[in-house]
Amino acid sequence: MTDFYEIIRQWPLLSGIQVVTALGLLTVMLVPENRPGLIKKLAAVFSGVDLLICILIFLAYDQEAGGFQFVEKHLWVKALGIHYFNAVDGINLPMILLTGIVLFTGCLTMWELENRVKEFFAFSFLLVLGVFGVFMSMDLFFLFVYYDIALFPMYPLIAIWGSTRKEYGAMKLTLYLLAGSALILPGIILLYVKSGLWTFDIIALSGAEFTPYIQSIGFLLFFFGFGILAGVWPFHTWSPVGHVAAPTSVSMIHAGVLMKLGAYGVLRVGAFLCPEGWVQWADLMAVLAVIGILYGAFVGLAQTDLKYVIGYSSVSHMGIVGLGLSTVTVSGMNGAVFQMFAHGIMTALLFSSVGYIYDKTHTKTTFELGGMSRNMPVISGFFILAALAGVGVPCLASFWAELLVFISAVKVYPVRGILAISGLLISALFMLRVVMKTYYGPANEKYAGLSDVTAWLATPRVILAGVIVFFGLFPWLMLNLIQTATVSFPKVMGF
């Protein structure tokens with residue numbers, strides 16, 4: 001098996017993911033619109049191949065060697081120092097696996113879509129093409145291009161297939177994310193010029209001697225630029241609105257993957273290239289993270305729309321990611337990266353469960369539902385499992401992530417750490433309240449005859465639930481991988 005993995009590591013599998021995703025996009029576009037069944041099957045096949053490659057890379061990554069692996073580097077524009085440069089380490093490999101899982105389960109979740117099927121899956125593949133590119137690119141130029149590719153399809157996906165003020169949600173999301181993008185670009189140019197290396201190579205730039213002032217400015221630009229996409233308070237307001245307006249699989253990708261794109265950018269670009277700026281602004285990061293955790297929890301407590309509940313829960317949980325990064329410790333980073341993965345899977349399961357209920361009842365309001373576990377015990381079970389993961393129940397993936405972040409936070413910022421833990425308790429309260437109102441209590445007779453999820457439609461939910469439980473029982477499989485990158489993260493401390 002070791003020899004097999006040695007061979008696998010020589011293959012350009014990262015480009016393979018990009019090629020398969022692009023082929024999925026092109027193939028879907030070539031199929032006639034009147035063949036929606038074929039389009040869905042092709043989307044499932046291409047996304048399934050993507051997922052298999054992601055799993056293969058995850059298994060073949062040599063944790064003992066650590067560092068960047070599956071490296072593909074080719075000079076593209078010599079005069080500007082632009083390289084086609086892909087690689088994975090313990091930080092972006094979990095994100096690539098997360099994207100593969102959410103893409104595949106998202107395609108299966110939308111199996112009953114009937115409106116403009118061809119365009120929907122084409123935009124979805126384009127979006128994920130950009131997401132994969134951001135996570136695997138080690139060249140700032142390509143990372144920025146992929147970042148914008150990932151943002152563009154969100155507008156049509158929400159405005160055409162969404163609901164609940166969909167045009168408003170799509171426009172607000174687009175404007176916020178473009179504003180973030182406008183901050184990232186000057187940050188990239190700043191480092192490119194001030195490095196004196198005339199390259200966009202992230203690894204080469206990490207060795208440049210930037211002054212503390214340049215690092216301070218650079219990190220701030222990247223923190224707010226990428227942080228908007230991560231839902232950093234007070235720039236989070238696009239997030240719950242976008243979640244509510246988006247169709248089910250887009251909500252899954254949106255909350256499950258896109259928000260991680262922002263947090264990943266803060267870590268990979270901001271902290272990796274501007275470590276002194278990271279330390280200088282860590283206090284501010286911690287304050288905003290704790291406010292985000294508490295604000296998301298309190299506002300979520302007052303919501304009656306299931307998607308708004310999950311949306312504000314995401315703001316709170318992404319605050320935990322920010323808090324972990326603000327500790328500037330290895331354990332804090334381990335917890336933050338694990339939380340990005342765990343929250344992505346958990347949120348995808350929450351949105352897929354709510355999406356099924358909405359498709360059947362045409363309501364997401366808790367007081368109009370009730371007793372759903374009697375009519376739909378299977379889909380209710382998926383939601384409850386994800387909700388338990390969200391409140392940090394032991395033996396589920398997010399428990400380990402939150403434990404690591406809170407331990408690190410209490411050590412570094414005792415008061416803010418304790419306040420953050422109290423936010424988790426409030427999150428537990430509103431999640432349990434939603435479960436009680438929606439799935440238990442008096443049943444609404446109006447929905448008594450509705451059918452539960454079929455075995456086929458349960459498949460993507462089973463996969464997501466299985467991942468939550470699997471990494472909850474075997475957290476070391478993910479933590480050992482993450483630690484290979486965080487222990488050697490350049491200049492984490494004592495630079």
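How much space lies in the largest cavity? I put this first in the notebook and got about 180 Å³. The model I am working from is predicted.

**Entry 1. The largest cavity**

I searched the whole structure and found three cavities of 30 Å³ or more. For the largest cavity I listed 17 lining residues, and those closest to its centre are Phe-223, Val-232, Met-318, Gly-319 and Gly-322. I then looked up which helices supply the lining. At least two residues each come from α10 (212–230), α12 (248–273), α14 (282–301) and α15 (306–326). Helix α15 gives the most, with six residues. Sorted by class, I have 13 nonpolar and four polar residues around the largest cavity, and no charged residues.

**Entry 2. The second largest cavity**

I noted a volume of about 40 Å³ for the second largest cavity. Its lining consists of Val-102, Leu-103, Gly-106, Cys-107, Met-110, Phe-120, Phe-121, Ser-124, Ser-249 and Ile-253. Two or more of these residues come from each of α4 (92–109), α5 (117–136) and α12. Which element gives the largest share of this lining? I found that α4 does, with four residues. The class count for the second largest cavity is seven nonpolar, three polar and no charged residues.

I also wrote down that α12 appears in the lists for both cavities: it supplies at least two residues to the lining of the largest cavity, and two or more to that of the second largest.

**Entry 3. The largest pocket**

Next I turned to the open space. The largest pocket holds about 440 Å³. I counted 23 lining residues, with Met-110, Leu-113, Pro-247, Thr-248 and Asp-359 closest to the centre of the pocket. The elements that give two or more residues here are α7 (154–161), α16 (330–361) and α21 (455–473). The largest share, four residues, belongs to α16. How does the lining of the largest pocket divide by class? I have 10 nonpolar, seven polar and six charged residues.

Met-110 is in my notes twice, once among the residues closest to the centre of the largest pocket and once in the lining of the second largest cavity.

**Entry 4. Helices α19 and α20**

I looked up how α19 (residues 397–412) packs on α20 (residues 414–439): the angle is about 150° and the axes are 5 Å apart. I therefore entered the two helices as roughly antiparallel to each other, since an angle over 145 degrees counts as such. The crossing of α19 and α20 is left-handed. On the α19 side the contact uses Glu-402, Phe-406, Ala-409, Val-410, Lys-411 and Val-412, and these meet Pro-414, Gly-417, Ile-418, Ala-420, Ile-421 and Leu-424 of α20. I sorted the residues of this contact into nine nonpolar, one polar and two charged.

**Entry 5. Helices α8 and α11**

The last pair I checked was α8 (residues 166–195) and α11 (residues 238–245), whose axes come within 8 Å and cross at roughly 140°. That angle makes α8 oblique to α11. I noted the crossing of α8 and α11 as left-handed. From α8, the contact takes in Lys-166, Tyr-168, Gly-169, Lys-172, Leu-173, Tyr-176 and Leu-177, and from α11 it takes in Trp-238, Val-241, Gly-242 and Ala-245. For the contact of α8 with α11 I recorded seven nonpolar, two polar and two charged residues.

How values were computed. Residues are numbered from 1 along each chain as its sequence is written. This is a predicted model: local features need pLDDT of at least 70, side-chain atom pairs count only at pLDDT 80 or more; totals for chains, interfaces and linings use all residues. Side-chain values use heavy atoms; hydrogens and water are left out. Axes are lines fitted to C-alpha atoms, for helices over the stretch in contact, and angles run from 0 to 180 degrees between N-to-C directions. Angles under 35 degrees count as roughly parallel, over 145 as roughly antiparallel, 65 to 115 as roughly perpendicular and the rest as oblique. A crossing is left-handed if the near helix is turned anticlockwise from the far one by less than a right angle, and right-handed if clockwise. Contact means heavy atoms within 4.5 Å. Ala, Val, Leu, Ile, Met, Phe, Trp, Tyr, Cys and Pro count as nonpolar, Asp, Glu, Lys and Arg as charged, and the others, Gly among them, as polar. On a 1 Å grid over the protein atoms alone, a cavity is a set of points where a 1.4 Å probe fits but cannot get out, and a pocket is an open set with protein on both sides within 12 Å along at least five of seven lines; lining residues have an atom within 4 Å of a point. Grid points are joined across faces, edges and corners, and a volume is the space filled by probe spheres set on the points.
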